[in-house]
Amino acid sequence: MLATVMTLLQTEHCAAFKRFIEVHQQFIIAGHKEPDADCLTSCLGAAAIVAAFHKPCFFFSAGPFKRQEIKRFEYLFPKTFPAPKPAELAQTGLILVDCSELERLGDTGYDVSQLDLFIIDHHRTSVDAEPPRFTASDCRVIDPGSPSTTLLIQQLYEGLLGRPGEDIASLLFLGLATDTNFFRFLGPGDSEVFRTAARLAEYGASPRQIYDDMSGGQLFSTRKLLGIMLGRTEQKFNGQVVYTYETLADTQQWGKEGRDSDSLYQLLLSVEGVKAVVFVRQETEHKCTIGLRSRDALDVSAIAAKFGGGGHRNAAGATTPGLIRDVLSVILDELEQAL
Ligand SMILES: [Mn+2]
């Protein structure tokens, strides 16, 4: 599946997932490190499917649980990996959601490549990714046209079990809503997304309540740090690129709790004539994280990939060694070529 719009899952996708559940006795369900709501609610949705087959599953997330809307899930996701006993190895299935590379799990403290793997993901970069050693072709449900992993989970749920309850519907809606910035990233070809989301409202998910959960409850420090980031923003290439950065001193003053990159991107992407937004944060003395957002056809996932990162066409990121000014200058060079 390589379409740019969502492709409806076929019965063979559901059958493949069912078979994976049937041939294993227990499951580890995990998504990428630095999880977002799509990642975590996809784990919970996958677990609900597994539970219907009366088989145990264990969650794992390397964390950290930074975003306000995912804090309430943190207690469900241990940061240590339940290593299966040797006798259980062949009977344990790893269900990987919202990413396709085992490295994206973060530090599991355990060699997960020994486990049979089923991937459910919607990342563009995952299509080209080297298939993990134990992945058979029918152990992947990957649709880069799907704006969230929860939409894939929803289709698997509906296909295998029918109508989910209000609790699962609300979780899946939250994942979809966060990955689409409450549907604002969707285009005219995305009608199927709305049809699928409409069913979640039918099952009892409340868009109003979920928007409140997503957007409310921000700490005062997040507004103060946002002010600093905005004050520091510069334009480049006739205003086609805007960039800003967060220093170690900023983090010290306002804390990691003060971060609200989503609002920052939203405000900067709204600048007249802008095509890309660059945000670089000094994470440690020697390491930066890069956040990239773009409009329309400009593919920032290709740029993130050059730094060992990835993501989507219009939203991507990476972690790289270096200092802010050096990292910035390389990214700006890359962007100049891409423009
Ligand atoms: Mn996602």
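This briefing describes a manganese site, a helix, a run of paired strands and one loop lysine. The structure is a predicted model, and the points below should be read with that in mind. In this model the manganese ion has the protein donors D38, D98, H122 and D179, helix 1 turns a set of buried residues to one face, and strand 8 is joined by bridges to strand 7 and to strand 9.

**Manganese site**

- The manganese ion is held at distances of 2.1 to 2.4 Å by protein donors, namely the OD atoms of D38, D98 and D179 together with NE2 of H122.
- Along the chain these donors of the manganese ion follow the spacing D-x59-D-x23-H-x56-D.
- Because D38 lies in helix 2 whereas H122 lies in the loop between strand 4 and helix 3 (124–128), this pair ties together parts that are 84 residues apart in sequence.
- Both D38 and H122 are buried.

**Helix 1 and what covers it**

- Helix 1 comprises 13 residues, from 11 to 23, and its first and last C-alpha atoms are 18 Å apart, close to the 18 Å expected at 1.5 Å a residue.
- The buried residues of helix 1 are H13, C14, A16, F17, F20 and I21, and because they fall within an arc of 160 degrees when seen down the helix axis, they line one face of the helix.
- An α-helix has 3.6 residues a turn, so residues three or four places apart point the same way.
- T11, E12 and V23, by contrast, are exposed on the other side of helix 1.
- The cover over the buried residues of helix 1 includes several strands, among them strand 1 (26–31), strand 3, strand 4 (116–121) and strand 5 (140–142), as well as helix 2 (37–52) and helix 4 (149–161).

**Strands 7, 8, 9 and 11**

- Strand 7 (residues 241–246) and strand 8 run parallel and are joined by six bridges, with T244 standing opposite F279 of strand 8.
- Strand 8 (residues 276–284) is mostly covered, since seven of its nine residues are buried.
- Strand 8 and strand 9 (residues 287–294) run antiparallel and are joined by eight bridges, while the hairpin that connects strand 8 to strand 9 passes through two residues.
- F279, which stands opposite T244, also has a bridge partner in strand 9, namely G291.
- Another bridge to strand 9 pairs T284 with K287, and K287 in turn stands opposite P321 in strand 11.
- Strand 9 pairs with strand 11 (residues 315–321) in the antiparallel sense over seven bridges, and strand 9 is itself mostly covered, with seven of its eight residues buried.

**K71 in its loop**

- K71 is found in the loop between strand 2 (57–60) and strand 3 (92–97).
- K71 counts as partly exposed because its relative accessibility is 35%, a value that falls between the 20% under which a residue is buried and the 50% over which a residue is exposed.
- When neighbours within four places in sequence are left aside, K71 is in contact with F65, K66 and E257.
- The C-alpha atoms of K71 and E166 are separated by 20 Å, and these two residues are 95 residues apart along the chain.

How values were computed: Residues are numbered from 1 along each chain as its sequence is written. This is a predicted model: local features need pLDDT of at least 70, side-chain atom pairs count only at pLDDT 80 or more; totals for chains, interfaces and linings use all residues. Side-chain values use heavy atoms; hydrogens and water are left out. Helices (H or I, at least four residues) and strands (E, at least two) are DSSP runs, numbered from the N terminus. Buried means under 20% relative accessible area, exposed over 50%, partly exposed in between (1.4 Å probe, protein chains only). Contact means heavy atoms within 4.5 Å. The expected span of a helix is 1.5 Å times one less than its number of residues. The arc is that of the directions from the helix axis to the C-beta atoms. Two strands pair if DSSP finds at least two bridges between them. Donors are N, O and S atoms within 2.8 Å of the metal (3.2 Å for Na, K and Ca); water is not among the atoms, so sites may look incomplete.
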